[in-house]
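Open the model in your viewer and keep the selection box handy. We'll go stop by stop, picking something and seeing what is there.

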Amino acid sequence: MTETTAAAVAEQEPRAAAPEPAGKQKMSIILYSGTVDELTAASILATGGAAMDMEVNIFLTFWALLAMKKGAWQDPEQMKVSAEFAEYAPMMMEAVQQNKVKPWIELLREAKEIGDVNVYACGMTMDLFGLKLEDLEDIVTGVQGVTGFVGDARDSAITLFI
Amino acid sequence: MPEYVIDREIDARGSACPGPLMELIRALKASEVGQVVAVLSSDQGSKVDIPDWVAKAGHKLLAAEEEEDGATRFVVQKAR
């Protein structure tokens with residue numbers, strides 16, 4: 001190796017650092033459960049994400065999608081709590097009744113108010129249950145397929161399955 | 001003697017977490033930079049969550065005063 005080549009190699013500039021990611025960090029939530037306790041947990045997590053200036057994308061599927069039907073959130077027949085914790089249901093419902101804990105749908109509405117929260121309905125589940133966008137509460141922004149969800153989730157800082 | 005003037009105060013006592021934090025965020029959104037918002041909170045979660053959020057969101061926590069009834073008054077200045 002000639003001296004000039006060695007010198008050239010030694011003087012080589014270090015590679016430019018990768019550019020900083022622009023925009024907000026993302027949080028993706030696959031919301032599958034339709035029980036009040038789990039929907040509440042998801043809404044609070046979405047709230048946290050919104051409060052920390054993240055872009056929160058919620059993908060509603062199966063039972064969570066059913067829970068999002070217009071009026072379902074306040075229909076006592078449709079309100080469920082996880083089976084294993086059924087004994088806590090009365091205590092939970094009382095807390096919500098006494099306004100100690102807001103209904104999950106209101107928490108989600110507030111999260112949308114203070115930050116960047118998108119709620120998408122899973123197209124496949126909609127077909128399964130014969131639902132249309134108009135059948136769902138208005139906080140649902142649109143319909144999305146699994147590709148759309150995974151596209152967002154793959155560069156999300158936080159991804160959750162609830 | 002506090003050296004700040006509170007422009008807006010919200011009483012979120014009795015409201016469960018994340019209630020008080022949400023009230024604070026909403027009030028700050030509706031305020032100008034430099035204005036001061038206070039929120040009264042009585043829940044355990046908010047006690048740690050509010051100062052944490054204020055620091056992460058880049059605002060100034062001017063005070064966290066304990067009230068007689070055990071509630072805390074968080075005084076926050078919108079910094080950006």
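Start with chain A and walk along its sequence: the pattern reads α-β-α-β-α-α-α-β-α-β-α-β. That comes to seven helices and five strands, where helices (H or I, at least four residues) and strands (E, at least two) are DSSP runs numbered from the N terminus.

Some housekeeping before you click further. This is a predicted model, in which local features need pLDDT of at least 70 and side-chain atom pairs count only at pLDDT 80 or more, while totals for chains, interfaces and linings use all residues. Residues are numbered from 1 along each chain as its sequence is written, and chains are lettered from A and ligands numbered from 1 in the order in which they are written.

**Stop 1: the sheet of chain A**

Select the five strands of chain A. They form an open sheet in the order β4-β3-β2-β1-β5, with parallel pairing; two strands pair if DSSP finds at least two bridges between them. At the edges you'll find β4 (142-144) and β5 (158-161) of chain A, each with a single partner strand, so one side of each has no neighbour in the sheet. On average, neighbouring strands are turned by 25 degrees against each other, direction ignored. For the angles on this tour, axes are lines fitted to C-alpha atoms (for helices over the stretch in contact), and values run from 0 to 180 degrees between N-to-C directions.

Now add helix α7 (146-153) of chain A. This helix packs on the sheet, touching β1 (26-31), β2 (55-60), β4 and β5 of chain A, and its direction makes about 145 degrees with that of β1(A). Touching, or being in contact, is meant as C-beta atoms, placed from the backbone, within 7 Å.

Zoom in on β1(A). Five of its six residues are buried, so this strand is largely enclosed by the rest of the structure. Buried means 20 or more other C-beta atoms within 10 Å of the residue's own; exposed means 12 or fewer, and partly exposed is in between, with C-beta atoms placed from the backbone. β1(A) runs parallel to β2(A), joined by six bridges, and A:Ile30 stands opposite A:Phe59 in β2(A). Over at β3 (116-122) of chain A, three bridges lead to β4(A), again in parallel; look for A:Tyr120 opposite A:Gly142.

**Stop 2: a loop residue**

Pick A:Asp138, in the loop between α6 (123-129) and β4 of chain A. Is A:Asp138 buried or exposed? A:Asp138 is exposed, with 10 other C-beta atoms within 10 Å. Try a distance to A:Ala89, 49 residues apart from A:Asp138 along the chain: the C-alpha atoms are separated by 27 Å.

**Stop 3: the core**

Next, show the largest nonpolar core, a set of 50 residues. Such a core consists of buried Ala, Val, Leu, Ile, Met, Phe, Trp, Tyr and Cys residues joined through C-beta atoms within 7 Å. The members touching the most others are A:Ile29, A:Ala46, A:Ile58, A:Phe59, A:Leu60 and B:Leu24. The largest share, eight residues, comes from α2(A). Centre on A:Ala46: leaving out residues up to four places away in sequence, its contacts are A:Ile29, A:Val56, A:Ile58, A:Leu108, A:Ala111 and A:Val117.

**Stop 4: where the chains meet**

Colour by chain. Eight residues of chain A are in contact with nine of chain B. On the chain A side, α2 (36-51) and α5 (104-114) each supply at least two residues, and α2(A) gives the largest share, three residues.

**Stop 5: chain B**

Select the four strands that make an open sheet in the order β1-β2-β4-β3 (chain B), with mixed pairing. Here β1 (8-11) and β3 of chain B are the edge strands, and the twist averages 15 degrees from one strand to the next. β2(B) and β4(B) pair antiparallel over six bridges, with B:Ser41 opposite B:Thr72 in β4(B). α1(B) lies across β1, β2 and β4 of chain B, at about 165 degrees to β2(B).

Finish on α2 (44-57) of chain B. Which residues of α2(B) are buried? They are B:Ser46, B:Ile50, B:Trp53 and B:Val54. Their cover includes α2 of chain A, together with α1 (19-29), β2 (36-41), β3 (60-66) and β4 (72-77) of chain B. Just after α2(B) comes B:Gly58, with a positive phi near 80 degrees.

Conventions: Contact = placed C-beta atoms within 7 Å.
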